[in-house]
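Good morning, colleagues. Please have the sequence and the structure open in front of you while I speak.

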Amino acid sequence: MKVLVTVKRVIDPYVKVRVKSDGSGVETANVKMTMNPFCEIAVEQAIRMKEAGVVSEIVAVSIGAQQCQETLRTALAMGADRGILVETGAEMQPLAVAKVLKAIVAKEQPKLVIVGKQAIDDDSNQTGQMLAALLGWPQAAFASGIVINGESADVTREIDGGLEKLTVKLPAVVTADLRLNEPRYVTLPNIMKAKKKPMETVKPEALGVDVAPRLKTLKMQEPARRGAGVKVADVKELVAKLKNEARVI
Ligand code: AMP
């Protein structure tokens, strides 16, 4: 069974994100970039399924600038077999990404697509759901467990207040949540091996996909700064401050 996994290049979650002075977006020049953490979980899941003998090939896809090749190389070093870069300088919103992925799915015919539940830069949490809708495939979002059972997948989903178990017929789209697994670290020998793995580059136009943005960012701004906290000597002082200054008790 072939699995397609998507890997987005995002600002490293440990880097302080700065808004551009003109409010048009966030600063990405000279900023450390990395694979979106939920995409790492998606890749890890596909690799575990391959190690268990359920999956025969893992194809990683990234859409964006040429530097997304680095993100794909990381996926290959983790254990994916092949990479596809859909190279574009356009701002890629979830609908455009889903349309591109639909075209890749048509070409690759995977039995399962695993995407991250959410990209930590735009926090959209839309791509997997849109892709399933465009393909007319079943979807299971926020997965914390996936078991392939012949022609279907049993998925445990993280929902408000608990877990939901459902079965989806394959082919299907699953989105990976935090507790699905703990991604492995890439080792130096595997980074070297990944350099020899195949990577293909295509343009959205060649796939016949219109990636024009449908949403316009009007303005971006940093959250208001919070004042510094104060240290209190004891519980008595804390209670007095809560009562008389904060007036919350
Ligand atoms: P989002 O809907 O933007 O929160 O993204 C959800 C998931 O869709 C991400 O975790 C990725 O797996 C996938 N995705 C979104 N944008 C891209 C992209 N430009 N390239 C590859 N995968 C993407």
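Ala42 is located in helix α1. Before going further, I should state that the model we are viewing is predicted. Is Ala42 buried or exposed? Its relative accessibility is 0%, so Ala42 counts as buried, the limit for that class being under 20%. Setting aside residues up to four places away in sequence, Ala42 touches Val5, Ile114, Val115, Gly116 and Ala176. Glu87, by contrast, lies 45 residues from Ala42 in sequence, and the two C-alpha atoms are 21 Å apart in space.

Let me turn to the nonpolar cores. In soluble globular proteins, nonpolar side chains tend to be buried together. Here, the largest nonpolar core has 38 residues, and those that touch the most other members are Val5, Val43, Leu112, Ile114, Ile146 and Val155. At least two residues of this core come from each of β1 (2–6), α1 (37–51), β4, α2 (68–78), β6, β7 (139–149), β8 (152–159) and β10 (172–176). Which element supplies the largest share of this core? That element is α1, with eight residues, the helix in which we found Ala42.

Leu112 merits a separate look. Again not counting residues up to four places away in sequence, Leu112 is in contact with Met1, Lys2, Val3, Leu4, Met49, Ile148, Leu170, Ala172 and Val174. Apart from this core there is a second, separate one of 26 residues, with Ile63, Trp137, Val202 and Leu207 among them.

I come now to the ligand. How many residues surround the ligand? There are 18, and the closest are Thr6, Ala119, Asn125, Gln126 and Thr127. By character, the residues of this shell comprise seven nonpolar, nine polar and two charged.

Three distances involve oxygen atoms of the ligand. In the case of Thr127, an N or O atom of the side chain is 2.8 Å from a ligand oxygen. For Gly116, a polar backbone atom is 3.0 Å from an oxygen of the ligand; Gly116 is also one of the residues that Ala42 touches. For Ser124, a polar backbone atom is 3.3 Å from a ligand oxygen.

How much of the ligand does the protein cover? On its own, the ligand has 480 Å² of accessible area, and the protein covers 99% of that. Two elements give two or more residues each to the surrounding shell: β4 (57–64) and β6 (112–116). Of the shell, β4 provides the largest share, three residues. Both strands also appear among the elements that supply at least two residues to the largest core.

Thank you for your attention.

Technical notes. Residues numbered from 1 in each chain as written. Predicted model: local features only at pLDDT ≥ 70, side-chain atom pairs only at ≥ 80, totals over all residues. Heavy atoms only, no water. Near = heavy atom within 4 Å. Polar contact = N/O pair within 3.5 Å; in protein donor to acceptor, adjacent residues only side chain to side chain. Areas by Shrake-Rupley, 256 points an atom, 1.4 Å probe, with all protein chains shown as cover. Helix = DSSP H or I, 4+ residues; strand = E, 2+ residues; numbered from the N terminus. Nonpolar A, V, L, I, M, F, W, Y, C, P; charged D, E, K, R; others polar. Core = buried A, V, L, I, M, F, W, Y, C linked by side-chain atoms within 4.5 Å. Buried < 20%, exposed > 50% of the residue type's maximum accessible area, 1.4 Å probe, protein only. Contact = heavy atoms within 4.5 Å.
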